[in-house]
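The following paragraphs lead the reader through selected side-chain and strand interactions, chain by chain. Please keep the sequence and the structure in view while reading.

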Amino acid sequence: MSTIDRREFLKLVGAGSVGTGAGFMLAEAIKHPLEHLIPYSIPPEEFSAGIDTWYNSVCGMCPAGCGISVRTREGRAKKIEGNPSHPVNQGRLCALGQAGLQVLYNPDRLTAPMLQKGERGSDTFLQTTWEEVLSSVAERLVVSRNRTDSIYFLSQGVRGHLAKLFELFMGGLDSDNLWHYDFDHPHSLYAANDRLFGEQQLPYYDIRNSRYLLSFGADYLNSWLSPVHHSLGFGHSRQGGDGPRGRFVQIEPKMSISGAAADEWIPARPGSEGILAMGIGHQLLAKGRYTAVDADDWSAALKDYSAASVAERTGVPAETVVRLADEFSRSQAGLAIGGSSAGNHTNGVDTLVAVNMLNYLVGNIGKAGGVVFNPDPVSGPTQSRQANYRALEDLVENARNKRIDVLIINNTNPVFTLPKSTGFTEALASIPLIVSLSSFMDETTVMADIILPSHTYLESWGDDIPQPGVGFSVAAVSQPVVSPLYNTRATGDIILDLAGRVGLRETMPWSSMEEYLRDGWREIHARSETDGENFDAFWRDVLRSGVWGENTRREGSVVINKRVIDNLGVAEPEFAGSEKEYPFMLHPFMTNAMHDGRGANLPWMQELPEPMTSIVYGSWVEMNPATAKAMGLHDGDMVTVSSAFGSIEAALVVFPAIMPDVVAMPIGQGHSALGRYARNRGTNPLQILAPMTDSASGSLATNATRVSLVATGRRSDTVRTGGMARQLGRDIVQSTGGDATAAEHSSALNSIPIVVEST
Amino acid sequence: MPTEEKPLQFADVNNDIVRSLVVTGRNYYITLGIAMFVALACFFFPWFYQLYYGIGAAGMNHPTVWGTYLASFIFWIGLSHSGTLLSCVLHITNSEWRKAMYRSAEAMTLFSLLVAATMVMVHVGRPWFIHWAAPYPNQMGLWPNFKSPLLFDVMAITTYLTGSLIFIYMGSIPDFAAVRDRTSGWRRHLYVLLSLGWRGTDTEWHRLGWAYTFLAVLIIPLAVSVHSIVSWDFAMSLVPGLHQTIFAPYFVVGAIYSGTAGIVTVMFVLRKYMNFEHLITQLHFDNLGKLLLFLSLLWTYINMLELFTGWYSGTSAEYEQIKYKLTGFYAPLYWEMILFCAVAPLLMFSTKFRTSFVPMLVLSIAINIGMYTERFLIIATTLSRQYLPDAWGVYVPSLVEISILVGSLAVFVTLFLIFVKIFPSVSIYEVKETMPQPRKREANLES
Amino acid sequence: MNFIDRFVAGWAKYRKPGYYEDFDYAWTMTIDLDRCSGCGACVTACQAENNIPIVGEEELRKGREMQWIRIERYWEGEYPNAKLKFIPMLCQHCDAAPCETVCPVSATYHNQDGLNTQIYNRCIGTRSCAVYCPYEVRYFNYYDHHWDAPLEQQLNPDVTVREKGVMEKCTFCVQRIRQAKDHAKDDGRRRLRDGDVQPACVQSCPTEALNFGDRKDSSSKVYRSMHDPRAYHVLEELNTLPSVVYLKKVETHAD
Ligand SMILES: Nc1nc2c(c(=O)[nH]1)N[C@H]1C(S)=C(S)[C@@H](COP(=O)(O)OP(=O)(O)OC[C@H]3O[C@@H](n4cnc5c(=O)[nH]c(N)nc54)[C@H](O)[C@@H]3O)O[C@H]1N2
Ligand SMILES: Nc1nc2c(c(=O)[nH]1)N[C@H]1C(S)=C(S)[C@@H](COP(=O)(O)OP(=O)(O)OC[C@H]3O[C@@H](n4cnc5c(=O)[nH]c(N)nc54)[C@H](O)[C@@H]3O)O[C@H]1N2
Ligand code: SF4
Ligand code: SF4
Ligand code: SF4
Ligand code: SF4
Ligand code: SF4
């Protein structure tokens, strides 16, 4: 071996230091720099370093239409909070609403217009320019408009001026096939209100002032209609007022969040909720709680619903039926609501009519704590364009028969939310051109030929009239809170651009959605008491507060048609599949985080433990402990859930509050697209639903499918954040009797060591 | 190796021991090589990996934020006992048989402490700031928190380490001088420095004896306090199963128990591979066996007490701890521990067992495996089942942790192997004191 | 005063019960279990406000969740009388906080507003505080966390992003308290008014189950709320003197 001389040694030392230094630099360089230098030497106008700017807008995460205030800093959205002036949410916001930031900053957003280059559905898109996509779409529209009704426009539910814009556009294209499609649209509730009260819109359910709430399946604190507003009402009714504490009763086959929050949870056979409501109605009449002139008509209509027969049909004990009727009629302000699972059966409308009837029978229509009818919306189309299941079946039928030339889809995902049995995905093959306006590559957008990437709601102009309203006229404006991140455009602007290209400039003269919106709001300005304030000032005020309201209230009283009374009745629910082959009734339910599946690409929502099970990042099937034991199944076993229309796999969760012959599955996971956080995670129970509908509303009866469960022999790797869900007598959640006086609690009070005088 | 019946001479002792320092066989290098390689591959490499990516490389999680690293820490601290401690006790009580083994025992203490300190570095999230736990003046005006049992720990261990280091060094000075006089070259230079000019005068012997005994007396309470303080890291928390008054004696007994078992293991190795058959005899094993047996009974008693107090408390939290220990996820480990540390040691009631080398070796290793399990369980079972059931969870060590655990043994062995080549691993002069004085020589001197 | 006098005086002060009450504010949260629906809005609000990382499915499987406020759930009874009760659990800002005494470097300590603060820069990651905290509300950064671009644009500039190896937990949104104090100072006010500070979780809670304020101000909502006969502390027997006061759930029985 040669010896190392001084020169060699120095070289080695040098090389060693450089190597070490380089290693260190490399290590430093691959760290993720979280600080970003402020890149502007001349910053944009709204930009001031270190100072928050708040924009009021409207939440676009679900149809409830809460008002939001978005905190921005250095041109970036930092936090979404509730807009305190908005009457729907009064400054509060649900988890999903707050996760809107992750829609805006989602790493999987569509960033530029794209054309399908390979097989349809193969997800081989090429980016291109707006000019190219818009001109080719316009070209096809011009050709297709000659064939009446051959252009289909399927949009997510939109309200206010954007909805009107769609009407103008489709009218100009000579097509009546403009449909809004939301998975959770409460068709049955609309139909029931229409049948009983002759109301086209949803009424306002005044939970806040009610002292006794009978909820038939409606998961009003979590997913039904307007959860934030209901939660405010719930909290206030419980502990907010001076009067007696509100009592809440929940009737449903599987305990929901609202069921957990309730004072009493009553399991009733799936689809029998309406029968129970009729039974309670029967009691009201029988006990003479309803004494108006048409009492005899009611008695006759309800005569078949004696406590005993109702008990037989619902599985709810007869004493309970009697007691509920008693409590409900005796409470000062009793309110009955129905929806979610109870409305999603083949007898959904009957059920909800029966529930609404209870409100009428105890005379709480138009009263505080009761059902309040809403005034007409101040803007937007009058005709409802919501596509029920039947309308979608028509779409499929038309597609198969080659009657559709162009299908435009706006931000809705029927491929994911419709059962496989509908044949929607297959029908798309017969449509020559599919255009998707979307912010994400969802399951439906993958099937498109042309993608027009749209802004998220945080980058767009729009307005909204919340449905259900809050008993008086409200409209809210949504405005961009940050400048667009990518080469995307607002839906309204895309439509206006296309309108120009297909020669509709005359009826749609606006150059941008913002201009159109301002123009539209002149009407609202005109009807407002503005003390002579000019429109610009009015508009500025509206933008600043984010919401506009008018104290117009509707007359409360209603008269119910004798024909309606005579035809009252709740049929037995029907289920697809034989009881023998498919012993369980499937109860799909929505969670606040996933909603109809749109929450699945938001990491905060994936990581938000589902409150009842603490499961994150997955889906599961819930089963009664006794049933599981009888079948030899254990928590965490993988099971195959099969209906006559397909089968899926999920992890079994032994769930203490579900009926023995019901299994429940959350909706929202099981995406095959929608980005890295959503894809290939859990299963989608909607896929195996039977195409059962409620004939009265034409809506999909999502809870009318029977399934069987078979163990796969494997164990699941579902993740739960919670450990043991029993208190073991440790008094962590403490309770007290409702009627206890302060004196009885004095010991508890004394044990609080914090007694402080004011300074 | 059968030896002929020739009485042992003073010169033999000197030569034996110096030979063990100077003459290095191939086996030694192979062993050292393996140990160093394992230390690098199983300890340092995974540790660096963990430093780079974060403690996430280990298996710890939300309820169980402590894991094997801390278990190893207690284990090594435990092993460090009965080294110096035992040596001191035996010195004070003038036990003859101490002399052949105390040097290695003290070395064990030293290296166990070093490895334990390293385990702390491995355990914390940001070891590069570990010095913040030391009180030193700094321009940030920051000071550690003297209310923290962790800080007591740092101080106790530092003190024990310092004491042990001085003790072992002081006891070695005459031997260094003896080696100095028999070696040449760099060794001579080294031992000239190490022996601090020892000439073996009466005054020197007198002073050494006095200082040695003084330190021995000082170290006994120190050793007891170290493990008591380590136990406070746990006992001063509110965690059910940890918040126990028995913990200090429990830890001290456990420490001495595993330490004594460790000595048995080391003595077996020394005897077998360093040709010390004539220095370490059945008598040593017999005596150590008796001590081990006593400790095992004491340890079992304290374990039973722990179960009893948990049951007697009548609270859900404490009761759950016991139930979980005996029947929960970690129960197989618990019963393994009982088997190794409470049941198997009963064999030592038999003198035949105590005086058989290999069975004693196996038992001593089993006891230390059991004692490691004990430390692991103290952490894992309690932290998995605390007050709020919703926050319960289990913890399973990751590969990195297991590797570091194995690697830490290699680090220990490496250090020990280096030590035996520098320190005379058996005290030369004290062994001579126990031997019959050579008569002939005395007679010669008379003339 | 010589050293010994100072020491004795300091010790006496430290030993005085209610020592922390001499501070400027005593921030307190009340949680009305009769209102809370377990919806989790507070959880997301806290994540958004406090730059709490997205840890991913694998980390969650290992039990390394990072949620400064979590919803614990407890079942009672069996079908059909099963009941599920929720309880939001967050740092209780204990006035006698076990986590503080154990920290060897004082990275977690009580500030003059009665907050249990966490100094990320000082933390060396012993995780002892998490062991000592009986409420298990301390979360450790097992890794450097990562936000898939451009998710990091949402990060709150007022809150540090924590690095691997440090402990973190609910701060009572101290950045909001600081900001409110700054605003108050700008307005020439010496003290904050009730309602000036709303932590993110409190702000979002749809049922208004959460309330936050200064318990030294007897006119504050939180003062009234914590003197409700339903008030109690979780794990009261441990005497950690929490600043989070729970209001018992009311259970009515059908008459
Ligand atoms: N009141 C007060 N005064 C202070 C201090 C304090 O704490 N308080 N701190 C002091 C200290 S430590 C410092 S370093 C100084 C800093 O004082 P300055 O150097 O004045 O720092 P800034 O105001 O941060 O930046 C100066 C300008 O540079 C612009 N700029 C940013 N990037 C670029 C670029 O790429 N090119 C060009 N041409 N311009 C760019 C910014 O828009 C800004 O207008 O302030 C000192 N003064
Ligand atoms: N967003 C943003 N960040 C920046 C910059 C920016 O422009 N914008 N500028 C960068 C630049 S150029 C700089 S220099 C850094 C400055 O960053 P820092 O060094 O953090 O500066 P300060 O906040 O001015 O002061 C730090 C602390 O020192 C305390 N202090 C004041 N006097 C004394 C004293 O005598 N002794 C002690 N112990 N403490 C004292 C103050 O109260 C304050 O809490 O910030 C950098 N970071
Ligand atoms: S309920 Fe939630 S998601 Fe729906 S609008 Fe309100 S905040 Fe948004
Ligand atoms: S936001 Fe409010 S209601 Fe929802 S879980 Fe948190 S504390 Fe409970
Ligand atoms: S709750 Fe835990 S972390 Fe918070 S102050 Fe109390 S002991 Fe510390
Ligand atoms: S983890 Fe950090 S804050 Fe907690 S005790 Fe250790 S150093 Fe202190
Ligand atoms: S007070 Fe702030 S930090 Fe604490 S849980 Fe609420 S939002 Fe999170």
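In chain C, R162(C) lies over the face of the ring of Y120(C), at 5.5 Å from the ring centre. A second arrangement of this kind involves R64(C), whose charged end sits over the ring of Y142(C), 4.5 Å from its centre. These positions, like all others described here, come from a predicted model.

Aromatic rings also meet one another in this chain. F172(C) and F212(C) form an edge-to-face pair, with 5.0 Å from centre to centre and 85° between the planes. F172(C) belongs to the loop between β7 (167-168) and α6 (174-186) of chain C, whereas F212(C) belongs to strand β8 (residues 210-214), so the pair ties together parts that are 40 residues apart in sequence. Both F172(C) and F212(C) are buried.

The strand that carries F212(C) leads to a sheet. Four strands of chain C form an open sheet in the order β8-β1-β10-β9, with mixed pairing. Within this sheet β8 and β9 (231-232) of chain C stand at the edges, and each has a single partner strand, so one side of each is left without a neighbour in the sheet. Two bridges join β9(C) to strand β10 (residues 244-247) of chain C, and these two strands run antiparallel. A231(C) has L247(C) as its bridge partner in β10(C).

Which residues does Q92(C) touch, apart from those up to four places away in sequence? They are Y135(C), P242(C), S243(C), V244(C) and Y246(C). Q92(C) itself lies in the loop between β3 (83-89) and α4 (98-102) of chain C. Its relative accessible area is 1%, so Q92(C) is buried.

We now turn to the aromatic residues of chain B. A search of the whole structure finds 62 aromatic pairs over all chains. One of them joins F308(B) and W311(B): the ring centres are 5.9 Å apart and the planes stand at 45°, so the pair is tilted. Both residues lie in helix α10 (residues 282-313) of chain B, three residues apart, about one turn of the helix. F308(B) counts as partly exposed because its relative accessibility is 41%, while W311(B), at 53% relative accessibility, counts as exposed. Chain B also holds an aromatic cluster made up of F75(B), W76(B), F111(B), Y169(B), F176(B), Y191(B), Y372(B), F412(B), F416(B), F419(B) and F423(B).

Charged side chains form a further set of interactions. Side chains of opposite charge can pair when their charged atoms come close. Over all chains the count comes to 76 salt bridges. In chain B, R103(B) forms a salt bridge with D175(B), the closest N and O atoms being 3.2 Å apart. R103(B) lies in helix α5 (residues 102-123) of chain B and D175(B) in helix α6 (residues 149-180), so this pair ties together parts that are 72 residues apart in sequence. Are the two partners buried or exposed? R103(B) counts as buried because its relative accessibility is 0%, and D175(B), at 1% relative accessibility, counts as buried too.

Chain A offers two further salt bridges for inspection. The side chains of R109(A) and E459(A) meet at 2.9 Å, N to O. This pair links distant parts of the chain, 350 residues apart: R109(A) is in the loop between α3 (101-104) and β4 (114-116) of chain A, and E459(A) is in the loop between β16 (450-453) and β17 (462-464) of chain A. Both R109(A) and E459(A) are buried.

R501(A) forms a salt bridge with D497(A), with 2.5 Å between the closest N and O atoms. Here both partners lie in helix α17 (residues 491-501) of chain A, four residues apart, about one turn of the helix. R501(A) has a relative accessible area of 30% and is therefore partly exposed. D497(A), at 21% relative accessibility, also counts as partly exposed. In addition, salt bridges that share partners join D52(A), R71(A), R73(A), E74(A) and D158(C) into one network.

Finally, the confidence of chain A should be noted. Its mean pLDDT is 91, and 92% of its residues reach 70 or more. Over residues 740-759 of chain A, however, the pLDDT is below 50, and this stretch has 35 contacts in the model beyond near neighbours in sequence.

Notes: Residues numbered from 1 in each chain as written. Chains lettered and ligands numbered in written order. Predicted model: local features only at pLDDT ≥ 70, side-chain atom pairs only at ≥ 80, totals over all residues. Heavy atoms only, no water. pLDDT = per-residue confidence, 0-100. Contact = heavy atoms within 4.5 Å. Phe/Tyr/Trp six-rings, centres within 6.5 Å; stacked < 30°, edge-to-face > 60°. Buried < 20%, exposed > 50% of the residue type's maximum accessible area, 1.4 Å probe, protein only. Lys NZ or Arg CZ within 6 Å of the ring centre and 35° of its normal. Pairing = 2+ DSSP bridges. Salt bridge = Lys/Arg side-chain N within 4 Å of Asp/Glu carboxyl O.
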